Amino acid sequence: MTDQLRLMAVHAHPDDESSKGAATMAKYVSEGVDVLVVTCTGGERGSILNPKLQGDKYIEEHIHEVRKKEMDEAREILGVKQEWLGFVDSGLPEGDPLPPLPEGCFALEDVDKAAGELVRKIRAFRPQVITTYDENGGYPHPDHIMTHKISMVAFEGAADTEKYPEAEYGAAWQPQKLYYNQGFNRPRTEALHNAMLERGLESPYGDWLKRWDEFERVERTLTTHIPCADFFEIRDKALIAHATQIDPDGGWFRVPLELQKEVWPTEEYELAKSLVDTSLPEDDLFAGIR
C-alpha cells in the first residue's frame, strides 16, 4: 500500500451498516483498512421490530437513545469508526394514499445542503472508496433514497471548492470510487433458497422471490464480489446488537452459516463511479487504487 486505505460506508439508519456490507467492512478492518460508517439519521422513527421487545415502555419512550447504544455496540463488534450526520429519521410512510413526510425529517432536507454535511465528513476522513445505496435506496424508504442523493452530490462536491468552500467545509478531497450495496440480489437469494430446499430445510426466501416477481424489480449489475465468509459471524453479532430491529430467532438467521459460506461466500456491490482504471468483475473495492 502506498498510502493508508480508507473506506467510508454511508447509511441511512443505525442497523443498516450491519445488514448491508458488514462482513466486507470487518474483512477490511482485519487488513488494516481505516473504515468509517456515516449514519445519516438516528433512527428515531424506527418501529420496534423484535417481538420480544415490543410493548417495552422505556424503549418506546427512549428509542433514539436505545438505538444509539445499539449502534455503539455494533460499531465495537465490527471494529469500525462511526459518526452521525445528525438528521432526523423520516419514518416509512404506509397507507393509500401515503401520508406526508413529517416536517424537519431527513428526506425533506435540501439535497445540496444535506450533502454539504457529508462533504465535511469526506474531507475530514479522506476516503478513497465510498459505499452507499442505488437510486432506489435498495428498497424505497425515503431515507435510503435521500442517502443515495446526498452521496452522489457529495462524491463530486468534496472536490468542488466553489460549491463547498474550503473555509467552511475543509480542504478539498476527491474520492476515487463509489459503489452501491447490492447484497440483497436475486442470484444470491435464489442460490440460498435452492440450497435450503435441496437439504430438506425450510427456506425463508420463498415469499421474497414471489414478491420479487410481483414488484418486477430491475436486476442490477453486480460488478464486485468481496470474499468475506470468514466474517459472517461478526456480521451476525453486529446485527443482533441492534436488538430493537432484529429478532435473533427471525428470518435473518434461518440459513445456517456453514451453508452460507459454502453456497455464497461473498458480498456484492455495483461500481457506480470510478476515477481509476479497473477491470470487471472485481473482488476488491480498492482495485485500481492499491
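These are exercises with worked solutions on a predicted model.

The model is predicted: local features need pLDDT of at least 70, side-chain atom pairs count only at pLDDT 80 or more, and totals for chains, interfaces and linings use all residues. Residues are numbered from 1 along each chain as its sequence is written, and side-chain values use heavy atoms, with hydrogens and water left out.

**Exercise 1. Lay out the sheet: give the strand order and find the edges.**

Step 1. Take strands as DSSP runs of E with at least two residues, and helices as runs of H or I with at least four, numbered from the N terminus. Two strands pair if DSSP finds at least two bridges between them.

Step 2. Write the order. Seven strands give S3-S2-S1-S4-S5-S7-S6, an open sheet with mixed pairing.

Step 3. Find the edges. S3 (81-87) and S6 (224-227) each have a single partner strand, so one side of each is left without a neighbour in the sheet.

Step 4. Add the twist. From one strand to the next it averages 30 degrees. Axes are lines fitted to C-alpha atoms, for helices over the stretch in contact, and angles between N-to-C directions run from 0 to 180 degrees.

**Exercise 2. Trace the register around S1 and S2.**

Step 1. Pair S1 with S4. S1 (residues 6-11) and S4 (residues 129-132) are parallel, over three bridges. Leucine 7 faces valine 129 of S4.

Step 2. Pair S1 with S2. These run parallel and are joined by six bridges. Here leucine 7 has valine 35 as its bridge partner.

Step 3. Move on to S3. S2 and S3 are parallel too, with five bridges. Valine 38 stands opposite glutamate 83 in S3.

Step 4. Check burial. Buried means under 20% relative accessible area, exposed over 50%, and partly exposed in between (1.4 Å probe, protein chains only). Eight of the eight residues of S2 are buried, so S2 is largely enclosed by the rest of the structure.

**Exercise 3. Place helix H6 on the sheet and check its length.**

Step 1. List contacts (heavy atoms within 4.5 Å). H6 (residues 142-157) packs on the sheet and touches S1, S2 (34-41), S3, S4, S5 (177-181) and S7 (266-274).

Step 2. Get the direction. H6 makes about 170 degrees with S5.

Step 3. Compute the expected span as 1.5 Å times one less than the number of residues. For the 16 residues of H6 this is 22 Å, and the end C-alpha atoms are 22 Å apart, which agrees.

Step 4. Count burial. In H6, 13 of the 16 residues are buried, so the helix is largely enclosed by the rest of the structure.

**Exercise 4. Classify the aromatic pairs Phe87–Phe106 and Tyr164–Tyr169.**

Step 1. Set the rule. Rings of Phe, Tyr and Trp (its six-membered ring) pair if their centres lie within 6.5 Å; planes under 30 degrees apart are stacked, over 60 edge-to-face, the rest tilted. The whole structure holds seven such pairs.

Step 2. Take phenylalanine 87 and phenylalanine 106. The centres are 5.1 Å apart and the planes 25 degrees apart: stacked. Phenylalanine 87 is in S3, and phenylalanine 106 is in the loop between S3 and H5 (111-125), 19 residues apart. Both are buried.

Step 3. Take tyrosine 164 and tyrosine 169. Their centres are 5.1 Å apart with planes at 80 degrees, so the pair is edge-to-face. These tyrosines are both buried.

Step 4. Look for a cluster. Ring pairs link Phe184, Tyr205, Trp208 and Trp252.

**Exercise 5. Describe the surroundings of histidine 242.**

Step 1. Locate histidine 242: the loop between H10 (232-241) and H11 (257-263).

Step 2. Read the burial. Histidine 242 has a relative accessible area of 0%, so it is buried.

Step 3. List contacts, leaving aside neighbours within four places in sequence. They are Pro14, Asp15, Glu17, Ser18, Glu70, Met71 and Ala74.

Step 4. Follow one contact, aspartate 15. This residue lies in the loop between S1 and H1 (16-19). Its phi is near 110 degrees, positive although the residue is not glycine. Aspartate 15 is buried at 13% relative accessible area.

**Exercise 6. Find the cis peptide bonds that precede proline 97 and proline 281.**

Step 1. The bond from aspartate 96 to proline 97 is cis, with omega near 5 degrees. Proline 97 is in the loop between S3 and H5.

Step 2. The bond from leucine 280 to proline 281 is cis, with omega near -5 degrees. Proline 281 lies in the segment after S7.
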